[in-house]
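User: I'm new to this structure and would like a close look at one part of it. Could you pick out a single helix, walk me through what surrounds it, and then set it in the wider picture?

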Amino acid sequence: MEAMIEAEGLSKTFRVARRRPGLLGGLRSVVDPQVRIVHAVRDLSLHIERGEMIGLVGPNGAGKSTTIKMLTGILVPTGGRVRVAGLDPMRQRRELASRIGVVFGQRSQLWWDLPLIDSLRLLRHLYRVPEKRHSDNLARLRNMLDLDEFLDTPVRQLSLGQRMRGDLAAALLHDPELLYLDEPTIGLDVVAKARIREFLLAINAGQGVTVLLTTHDMDDVETLCPRMLIIDHGRKLYDGGVTEIRERFGGERMLIAVLDPVEIAAIPHDAQDQPVLSDLPEGVHQVQAEAPRIWLAFSRDSLPVHELVAWLGARYRLRDVTFQEPEIEDVIRRIYEEGLLLGRDEVSVQVS
Amino acid sequence: MVCNILADFRLYLHLIAMQLRAQLQYKLNVLIDIVTYLSVTCLEFVPVLIFFGPFPSLLGWTVGEVAMLYAITSMSFGLAELFGAGIDAFDETIRRGEFDRVLLRPVGPFMQVVSSEFRLRRLGRITQGLLVFIFALSLLPGLNWTALKLAVLPIAIVSGALVFIAILLLGATLCFWTIQTTELTNILTYGGREMLSYPLTIYNQGLQRFFLFVVPLAFGTYIPICYLLGRPLPFGLPVEIAFAAPLVALAFALIAGATWRFGVRHYQSTGS
């Protein structure tokens with residue numbers, strides 16, 4: 001079977017004009033611009049099969065958006081070859097547009113002042129979807145995303161989570177084979193995130209929609225994508241399974257416990273006059289303390305979260321507990337630190 | 001091809017209907033907007049009347065004749081403002097990064113930009129044009145109306161509107177390079193409207209040539225009105241050229257369209 005996305009040696013460089021300071025400098029910049037070349041994406045190769053759900057992660061400015069823009073035909077690559085759904089995104093942009101769906105987490109495609117349903121109806125005309133197919137799809141999406149409660153509400157009055165559900169419906173009404181999601185869970189609360197993830201899993205499994213998502217949230221990738229791509233500075237750092245990367249570089253989760261101020265005074269203190277918890281369970285170690293806060297690092301497999309909380313609760317009067325997931329930046333830092341990018345020829349780490 | 005144009009037109013109607021529905025949610029607001037705009041534009045006409053207080057004519061043009069020119073220019077500009085609002089607001093579209101979304105849809109970018117806005121309030125200027133037109137008619141009882149003279153009116157309005165829209169499109173195209181160019185476009189749109197509201201011959205030859213042969217706004221309003229009033233044209237142009245106005249306007253619009261397509265391609269290679 002033919003691949004959904006196939007890119008080889010994709011690269012994009014931008015020429016950025018730099019402004020000189022001051023009025024005279026500004027004038028000089030017009031006549032004699034100082035141009036800086038920015039390599040947004042370098043030599044990126046991708047192969048994504050139909051039906052895959054794949055995460056594209058990387059820090060800000062890594063080249064994620066540029067990559068997606070080249071895959072959709074918004075941007076013309078400086079070099080390389082790319083085919084999406086068997087089409088050339090540059091030459092056949094409009095044809096491709098009717099076969100893909102795109103959701104930008106930060107930018108809605110819905111009409112701000114109109115009820116959600118109006119936008120969803122209008123999209124039928126924009127995508128020239130036959131009426132029957134459109135109404136079937138709409139009925140299905142309304143049901144899956146529970147849109148009915150706010151279908152008649154103007155989009156500007158929707159909560160972020162509701163708006164995202166509306167945007168997902170909008171992107172899927174024309175039965176795209178491929179769905180690009182740019183930060184689909186950004187700013188959402190835990191419940192809304194879970195709901196979006198559940199939906200994405202359902203359309204991937206049920207309709208066989210190929211999903212490519214960019215995110216900052218490692219949890220998104222872990223719950224959704226069997227495979228992930230990490231890019232940084234426009235280069236592919238990693239292409240492979242999510243579990244492997246978690247095991248190798250995933251690092252530890254952090255628990256931040258707030259203890260009772262009176263009680264904490266009774267705990268033994270170290271040389272810096274900060275409290276030290278003794279005989280912690282195996283695999284857990286204290287990283288930092290700033291009374292009444294204590295940072296505990298623990299690896300995912302050493303013990304389940306609830307057991308650690310229970311262990312703490314049994315010994316101390318807990319005021320509050322929060323968790324910090326390892327950030328993608330940490331993972332990337334570890335990849336660099338562990339020196340996995342040795343030779344020039346071994347830019348990417350392949351785990352098969 | 002024909003089928004596509006028809007589909008595009010239907011889509012345009014859908015998108016505009018959507019805009020109207022959104023605006024009509026606040027009916028009183030729309031009404032106040034239109035009335036305010038009408039008042040402002042009517043005030044703009046007052047200096048013309050004041051001028052004709054002490055002076056009986058402007059290079060041989062009477063107050064009624066200038067009012068006729070003014071009315072037609074107003075109507076065509078009003079139409080351009082109404083239908084070209086989306087193009088006019090294009091710098092916003094670019095700045096907010098919404099042009100990416102435009103490129104992600106299977107419909108042409110121009111079509112989407114044109115239908116992205118429709119301002120009912122702009123009806124104010126068209127109404128002003130109509131009022132000034134009635135005023136001009138009352139002062140010009142001696143016009144011998146013929147079928148051709150009647151036909152030249154819609155020709156003038158539509159061609160003028162087309163040239164104004166093409167200017168807006170050229171301005172929008174500049175946004176691909178400079179992000180913000182409203183001022184530059186305003187010189188040609190508002191400035192052009194203001195200047196073309198008076199007989200072209202009051203300006204120096206350079207400006208006359210500019211509005212005839214570079215940005216052919218004069219074809220939109222001045223030349224057809226000269227035909228209507230039976231006045232000779234500058235540079236010895238035959239007055240029948242009025243009927244070529246739609247062709248000239250179309251040619252100018254096609255050039256603007258080609259520039260626009262070039263701009264879209266530039267955007268796709270720079271993404272800025």
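Analyst: Let's start where α9(B) and α13(B) cross, and that crossing is left-handed. Keep in mind that this is a predicted model. Helix α9 of chain B covers residues 147-178, and helix α13 of the same chain covers residues 222-229. The two pack at an angle of about 165 degrees, with their axes 9 Å apart. Since angles over 145 degrees count as roughly antiparallel, that makes α9(B) roughly antiparallel to α13(B).

Which residues meet there? On the α9(B) side you'll find B:Lys149, B:Val152, B:Ile155 and B:Ala156, and across from them in α13(B) sit B:Pro224, B:Ile225, B:Tyr227 and B:Leu228. Sort the residues of this contact by type and you get seven nonpolar, no polar and one charged.

Now look at another neighbour of α13(B). Helix α3 of chain B, residues 63-83, packs against α13(B) at an angle of about 140 degrees, with the axes 10 Å apart. That angle makes α3(B) oblique to α13(B). The crossing here is right-handed, while the one between α9(B) and α13(B) is left-handed.

From α3(B), the residues involved are B:Glu65, B:Met68, B:Leu69 and B:Ile72, and they meet B:Tyr222, B:Ile225 and B:Leu229 of α13(B). This contact divides into six nonpolar residues, no polar ones and one charged. If you want one residue to click on, try B:Ile225: it turns up in the contact with α9(B) and again in the contact with α3(B).

So how buried is α13(B)? Seven of its eight residues are buried, so the helix is largely enclosed by the rest of the structure. Those buried residues are B:Tyr222, B:Ile223, B:Pro224, B:Ile225, B:Cys226, B:Tyr227 and B:Leu228. As a bit of background, nonpolar side chains in soluble globular proteins tend to be buried together. Just past the end of α13(B), B:Gly230 takes a positive phi of about 70 degrees.

Next, the wider picture, beginning with the cores. The largest nonpolar core has 77 residues, and A:Leu173 and A:Met228 touch the most other members of it. Helix α6 of chain A, residues 160-172, gives the most to this core, with six residues. A second, separate core holds 62 residues, among them B:Ala67, B:Phe83, B:Val132 and B:Trp260. Back at A:Met228, leaving out residues up to four places away in sequence, its contacts are A:Ile54, A:Gly55, A:Val57, A:Val221, A:Val242 and A:Ile245.

What about chain A as a whole? Its secondary structure comes to 12 helices and 14 strands. Of its 352 residues, 36% are buried. Take the contacts in chain A between residues at least 6 apart in sequence, and 70% of them join residues at least 24 apart.

Finally, here is where the two chains meet: 23 residues of chain A are in contact with 18 residues of chain B. On the chain A side, α2 (64-72), α3 (93-97) and α4 (116-126) each supply at least two residues. The largest share of that side, four residues, comes from α4(A). By type, the chain A side divides into 11 nonpolar, five polar and seven charged residues. Compare that with the contact of α9(B) with α13(B), where there are seven nonpolar, no polar and one charged.

Conventions
Residues numbered from 1 in each chain as written. Chains lettered and ligands numbered in written order. Predicted model: local features only at pLDDT ≥ 70, side-chain atom pairs only at ≥ 80, totals over all residues. Contact = placed C-beta atoms within 7 Å. Nonpolar A, V, L, I, M, F, W, Y, C, P; charged D, E, K, R; others polar. Core = buried A, V, L, I, M, F, W, Y, C linked by C-beta atoms within 7 Å. Buried ≥ 20, exposed ≤ 12 C-beta atoms within 10 Å, placed from the backbone. Axes fitted to C-alpha atoms, helices over the stretch in contact; angles between N-to-C directions. Parallel < 35°, antiparallel > 145°, perpendicular 65-115°, else oblique. Left-handed = near helix turned anticlockwise from the far one by under 90°.
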